[in-house]
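Colleague: Got a minute to walk me through this one? I'd like to start with the empty spaces inside.

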Amino acid sequence: MKKFIVHSEFEPSGDQPQAIEKLAEGFLRGDRYQTLKGVTGSGKTFTMAKIIEKVQRPTLIISHNKTLSAQLYKEFKTFFPENAVEYFVSYYDYYQPEAYVPARDLYIEKEVDINREIDRMRLSATYSLMERRDVIVIATVSCIYGLGMPDLYKDMRIHIDKGQALDLQELSKQLVSLQYSRNDVTMDRGNFRIHGDVIDIFPAYMETDEAYKIELEWDEVSRIRRFNVLTGETVEELEETVIYPAKHFVVPQEYLLTATEKINNEMIDRVEELRAQGKLLEAERLKTRVTYDIEMMKEMGYCSGIENYSGPISGRNRGDPPATLLHYFPDDFLCMIDEAHVSVPQIGAMYEGDRSRKQNLVDFGFRLPSALDNRPLKFAEFEKKLNQVIYVTATPREEEIKQSTQIVEQLIRPTGLLDPIIEVRPSEGQMKDIYNEVQARIEKGERSLILTLTKKMAEDLTEYLSELNLKVKYIHSEIDTFERVEILKSLRLGEIDVLIGINLLREGIDLPEVSFIALLDADKIGFLRSATSLIQIIGRAARNADGKVVMYADRESDAMKEAIAETKRRRAIQEQYNKEYGITPKTIKKAIEDILEHEKQDAKEQVEIELAALKKTANLFNPKERKKLVAALKKQMEEYACNMEYELAAEVRDQILEIEKTYGK
């Protein structure tokens with residue numbers, strides 16, 4: 001196995017060395033659950049990387065959303081350039097699940113928009129796990145959803161050696177069974193082409209524009225090489241190669257024949273059951289759909305929604321857990337769950353939500369009962385599949401604490417920054433007090449955050465402060481993703497002074513310019529004002545040397561007392577460290593303007609080129625063609641936003657507004 005080696009210009013500092021040592025030792029002695037309790041800014045990601053380097057095991061890192069996963073993926077790619085760092089998240093840019101609403105007699109067909117690059121990255125993750133051990137996979141909770149069976153995925157791979165006797169027609173059939181498509185004109189991922197005694201195969205999981213060229217002489221493989229699809233240049237001469245399936249849901253023909261028989265028998269039984277219940281429409285509906293799907297599987301080896309038949313196809317008994325990404329890992333892998341206080345409950349909630357939707361489809365004849373086995377893992381099944389776990393969070397829940405054999409704290413920030421000062425002030429007169437605090441920050445060129453409990457309060461407060469001539473914006477769930485990022489950038493740039501919201505703990509909020517946080521209704525009972533939430537909120541002011549949090553409340557709740565005590569404890573530890581090493585805390589400085597201007601210019605140029613191409617095919621004075629163009633642009637805007645290319649998304653939005661302003665809607 002190739003060794004994990006961290007590449008970084010920095011060495012562990014503060015309390016990182018002891019955290020790395022303790023957690024690595026715990027893993028190597030067999031501790032099943034441990035917790036890294038690390039504060040914001042203490043370098044938890046670097047610590048995680050150094051632990052992997054210490055233990056030298058394949059690693060799964062689970063995060064609770066795509067954005068955080070993308071950030072982790074980029075960081076770990078930098079830390080481990082010589083190893084396989086993979087990305088496994090949901091590959092849907094748009095996903096409307098199949099559903100039935102009985103009250104309205106409304107069937108909603110499954111509608112998806114698959115991101116081909118993320119699909120490739122998912123395939124790349126399983127390919128790496130099959131071929132090597134120096135693998136780190138960054139995943140969201142999509143890793144607990146059903147995937148093709150790893151044994152079949154591995155067994156169906158095609159191994160080609162130099163000197164091997166090979167029948168091109170037989171190889172072509174094998175590739176089709178692996179869901180590759182023949183295209184003798186253009187090469188794309190998941191395609192192959194045959195010209196005489198040469199076959200080119202473009203694996204669906206290849207990271208770069210490279211494919212395999214296999215040359216034959218008298219039905220014997222004479223040469224295998226990897227080449228660049230665009231230039232045709234040889235990248236590497238090979239003695240052998242392995243081709244894995246182009247999709248995760250692939251099965252041999254003999255499995256399909258057995259499965260279709262099982263599916264047909266289940267359909268017959270279920271149709272009789274529905275008829276006995278007087279559900280004649282549902283019975284006929286089910287019979288028609290399943291019969292069609294069976295015919296498609298027999299003819300094509302695949303059908304739309306084949307995942308709903310994963311139980312019979314894989315030979316699982318009813319109720320057995322499906323194969324998932326976790327099943328592709330070797331038994332001795334390490335699992336790290338980032339932001340565990342959010343990620344673990346999210347994993348636990350997946351099964352029930354999925355079950356309730358599918359039960360309606362089964363009850364009303366849209367799916368067979370076995371479709372219920374196409375599901376995410378139950379939490380107990382998820383835990384059973386794990387080997388050893390390190391929870392990573394600043395605020396572990398009681399569940400993580402009870403499970404862990406050791407809680408290792410990482411409280412020292414190498415920058416010397418302290419947790420903010422906390423004050424509790426009465427709710428009466430809070431608006432005047434907040435105004436004065438915000439004005440004091442404006443004079444120093446700093447920013448402020450205000451947290452409310454409701455969207456209406458956020459909007460009303462924004463209007464109130466705007467009338468006092470403050471530059472203020474609000475953020476809540478109805479604000480588009482890329483617009484939210486624009487607002488955050490405006491805050492950092494000083495274009496706005498105050499940001500108001502309900503939950504400003506969302507991903508990507510790293511705001512060193514914020515030195516003041518006002519927390520309204522701090523004493524209210526609920527998850528937004530729990531001790532965990534309060535500690536997380538307080539941490540948002542820990543990027544600034546003058547950070548201060550004011551809790552406005554009529555009393556001190558238990559959650560407030562716990563959060564204040566924990567913050568004071570952390571602050572004292574950092575103060576002692578700073579004193580011992582002569583560190584003066586300094587606010588983190590990050591260049592914004594040059595980077596943003598460069599990004600905006602690049603975005604504008606790219607969008608203008610793409611828009612010019614679209615305009616060539618559309619007459620903007622024709623309302624029908626104009627609407628078609630705007631619809632295409634909106635789809636493009638959504639794709640940019642989903643791919644986190646927010647500058648491009650914002651530029652497309654501006655172009656849409658300009659078209660509608662000039663030519664009409």
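Modeller: Sure, and one term before we start: when I sort a lining by class, Asp, Glu, Lys and Arg go down as charged, Ala, Val, Leu, Ile, Met, Phe, Trp, Tyr, Cys and Pro as nonpolar, and the others, Gly among them, as polar. Also, keep in mind that this is a predicted model.

Colleague: Fine. How many cavities of 30 Å³ or more does a search of the whole structure find?

Modeller: The search finds 2. The volume of the largest cavity is about 160 Å³, and the second largest cavity has about 50 Å³.

Colleague: Let's take the second largest cavity. Which residues line it?

Modeller: Its lining is made of Val39, Thr40, Ala394, Arg413, Asp419, Ile535, Gln536, Gly539 and Arg570. Split by class, that gives 3 nonpolar, 3 polar and 3 charged residues.

Colleague: And where does the largest share of that lining come from?

Modeller: From helix α16, residues 531–539, which supplies 3 residues.

Colleague: Back to the largest cavity, then. Which residues are the closest to its centre?

Modeller: Leu147, Gly148, Met149, Phe249 and Ser310, out of 16 lining residues. By class, the lining of the largest cavity has 9 nonpolar, 6 polar and 1 charged.

Colleague: OK, changing topic to the packing. Which residues touch the most other members in the largest nonpolar core?

Modeller: Leu60 and Val137, in a core of 63 residues.

Colleague: What is Val137 in contact with, leaving aside its neighbours within four places in sequence?

Modeller: Val137 has contacts with Thr59, Leu60, Ile61, Glu86, Phe88, Ala125, Leu129, Leu325 and Phe329. Apart from the largest nonpolar core there is another core, of 35 residues, with Ile20, Val55, Phe79 and Val85 among them.

Colleague: Now strands. Is β21 mostly covered or mostly uncovered?

Modeller: Mostly covered: 5 of the 5 residues in β21, which spans 447–451, are buried. Arg447, Leu449 and Leu451 point one way from the strand, while Ser448 and Ile450 point the other way, and all are buried.

Colleague: Which strands does β21 pair with?

Modeller: β21 pairs with β24, residues 514–519, in the parallel sense over 5 bridges. There, Ile450 sits opposite Ala518. β21 also runs parallel to β23, residues 498–501, and 4 bridges join them. In that pairing Leu449 is opposite Leu499.

Colleague: There's an open sheet of 6 strands too. What's its order?

Modeller: The order is β10-β11-β12-β13-β14-β15, and the pairing is mixed. At the edges are β10 (181–182) and β15 (234–238), each of which pairs on one side only.

Colleague: How many bridges join β10 to β11?

Modeller: There are 2, and β10 runs parallel to β11, which covers residues 191–195. For Arg182, the bridge partner in β11 is Phe192.

Colleague: Last one, Ser490. Where is its place?

Modeller: Ser490 is in helix α15, residues 481–493.

Colleague: Why do you call Ser490 buried?

Modeller: Because its relative accessible area is 18%, and buried means under 20%.

Colleague: And what does Ser490 touch, not counting residues up to four places away in sequence?

Modeller: Ser490 touches Glu495 and Ile496.

How values were computed
Residues are numbered from 1 along each chain as its sequence is written. This is a predicted model: local features need pLDDT of at least 70, side-chain atom pairs count only at pLDDT 80 or more; totals for chains, interfaces and linings use all residues. Side-chain values use heavy atoms; hydrogens and water are left out. Two strands pair if DSSP finds at least two bridges between them. Helices (H or I, at least four residues) and strands (E, at least two) are DSSP runs, numbered from the N terminus. On a 1 Å grid over the protein atoms alone, a cavity is a set of points where a 1.4 Å probe fits but cannot get out, and a pocket is an open set with protein on both sides within 12 Å along at least five of seven lines; lining residues have an atom within 4 Å of a point. Grid points are joined across faces, edges and corners, and a volume is the space filled by probe spheres set on the points. A nonpolar core is a set of buried Ala, Val, Leu, Ile, Met, Phe, Trp, Tyr and Cys residues joined through side-chain atoms within 4.5 Å. Buried means under 20% relative accessible area, exposed over 50%, partly exposed in between (1.4 Å probe, protein chains only). Contact means heavy atoms within 4.5 Å.
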